[in-house]
Amino acid sequence: PETPMVITEMKSTEEVDLMTANRAEETPVMVSSDYGLEPELLYTSTDQVKQSQLDIRPVILPAKFKKAPAYISPLQAENPWSFSVSVYPNFTFRKFKVDREKLNLIHRDFIDATQEAESGGFSLNVGLVVSRRIGRITYLNGGVEYINYKAKAEYNFYNYREANIDPLTDQILNYSLLSEPEHISFSGDNVYHYVNFPLSISHKPWATDHVRLNIEAGGSFMYFLGARGQAIDYQSLEIIDIADREYNNSIASLHMKVGVSYYVSERFNFGLEPTLMYFTNTIYSEDYPFQVIPYSVGVNFKLQVKLN
């Protein structure tokens, strides 16, 4: 076979010195030959070696932490549906408002006498509650309840004048002084009865196996059943039976609860619930020149017994 011809390129002394200087700044890298010959010693710049080392460093991604599920007590029922009887007393107040455009329909002493005499009272609510668990510890609640709104009445005042009323417009034209002041004094409880259809959503995390929190909000539709008690007429100041007044047959209410319950067993629990309940409109018909809007603020004591 023919001997290959090797052509050697001649370089000047300046070029050789420059190549030597550059080679001193380079890093030797051993590369194996693809043709079975001896490995070749090549040279590359130090910056390229550092960059290649950076390129092959492992990339550390931030760890993704999975949120732990909410704790479930052994006392939580497996059945997502629950039917229970709930009993909770509360303390109710009243908001008294007067329609300024109808002041000529009201005896001038009626407002002060009513505001001083009537105040909130102790009420009792009993109901059948139906709940459906829609999440791990989230519930949709409904049912039917009996609610009584109670107001304390303690009237004790003197009436010095009689209102003269226009029979056509029912407006008070003027007043006539009575020959003798009329002493009006009586006391008792005025009770208003309703059937309530609530709907709410609640979040009930477990604190321990027996202690459970409750955060609940919702509304309800209330139907008027009747009233019992005494008050004074807003024009004559005479004592009347409140059952003779005209009422709104249906009203709405909003409520919010934040409380804690102790589970004695899966079927029975009791607890305390700070509650706000507000009627969205007056209990009387719109023809009356004043409004009475009940609301409840306080701590309810709750007893609940599951039926299933």
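Q: What makes the meeting of the Asp109 and Arg161 side chains a salt bridge?
A: In this predicted model, the side chains of Asp109 and Arg161 come to 2.9 Å, N to O. A salt bridge requires a side-chain nitrogen of Lys or Arg within 4 Å of a carboxyl oxygen of Asp or Glu, so the pair at 2.9 Å qualifies. The two residues belong to distant parts of the chain, 52 residues apart: Asp109 is in the loop between strand 3 and helix 3, and Arg161 is in strand 5.

Q: Why is Arg161 called partly exposed?
A: Its relative accessible area is 23%. Partly exposed covers values between the 20% limit for buried and the 50% limit for exposed, and therefore Arg161 at 23% is placed in that class.

Q: How do you know that Asp189 and Lys152 form a salt bridge?
A: The closest N and O atoms of Asp189 and Lys152 are 3.6 Å apart, and the cut-off is 4 Å; the pair therefore counts. Because Asp189 lies in strand 6 and Lys152 in strand 5, the bridge ties together parts that are 37 residues apart in sequence. Asp189 is partly exposed at 32% relative accessible area, and Lys152 is also partly exposed, at 33%.

Q: What makes Lys257 and Glu273 a salt bridge, and where do the two residues lie?
A: The closest N and O atoms are 3.9 Å apart; with a limit of 4 Å, the pair is therefore accepted. Lys257 is in strand 10 (residues 250-263) and Glu273 is in strand 11, 16 residues apart.

Q: Are Lys257 and Glu273 buried or exposed, and why?
A: Lys257 has a relative accessible area of 10% and Glu273 one of 2%. Buried means under 20%, so both residues are buried. Salt bridges with shared partners join Lys257, Glu273 and Lys302 into one network. The structure holds five salt bridges.

Q: Why is Ile147 called buried?
A: Ile147, in strand 5 (residues 138-165), has a relative accessible area of 4%. The limit for buried is under 20%, so Ile147 meets it. Beyond its neighbours within four places in sequence, Ile147 is in contact with residues including Leu124, Tyr192, Met222 and Met277.

Q: Which residues have the most contacts inside the largest nonpolar core, and which strand supplies its largest share?
A: Among the 35 residues of this core, those with the most contacts inside it are Phe110, Tyr192, Ile232, Ile283 and Phe290. Strand 5 supplies the largest share, six residues. Phe290 is in contact with Phe96, Phe110 and Tyr284, among others, leaving aside its neighbours within four places in sequence.

Definitions and conventions:
Residues are numbered from 1 along each chain as its sequence is written. This is a predicted model: local features need pLDDT of at least 70, side-chain atom pairs count only at pLDDT 80 or more; totals for chains, interfaces and linings use all residues. Side-chain values use heavy atoms; hydrogens and water are left out. Helices (H or I, at least four residues) and strands (E, at least two) are DSSP runs, numbered from the N terminus. Buried means under 20% relative accessible area, exposed over 50%, partly exposed in between (1.4 Å probe, protein chains only). Contact means heavy atoms within 4.5 Å. A nonpolar core is a set of buried Ala, Val, Leu, Ile, Met, Phe, Trp, Tyr and Cys residues joined through side-chain atoms within 4.5 Å.
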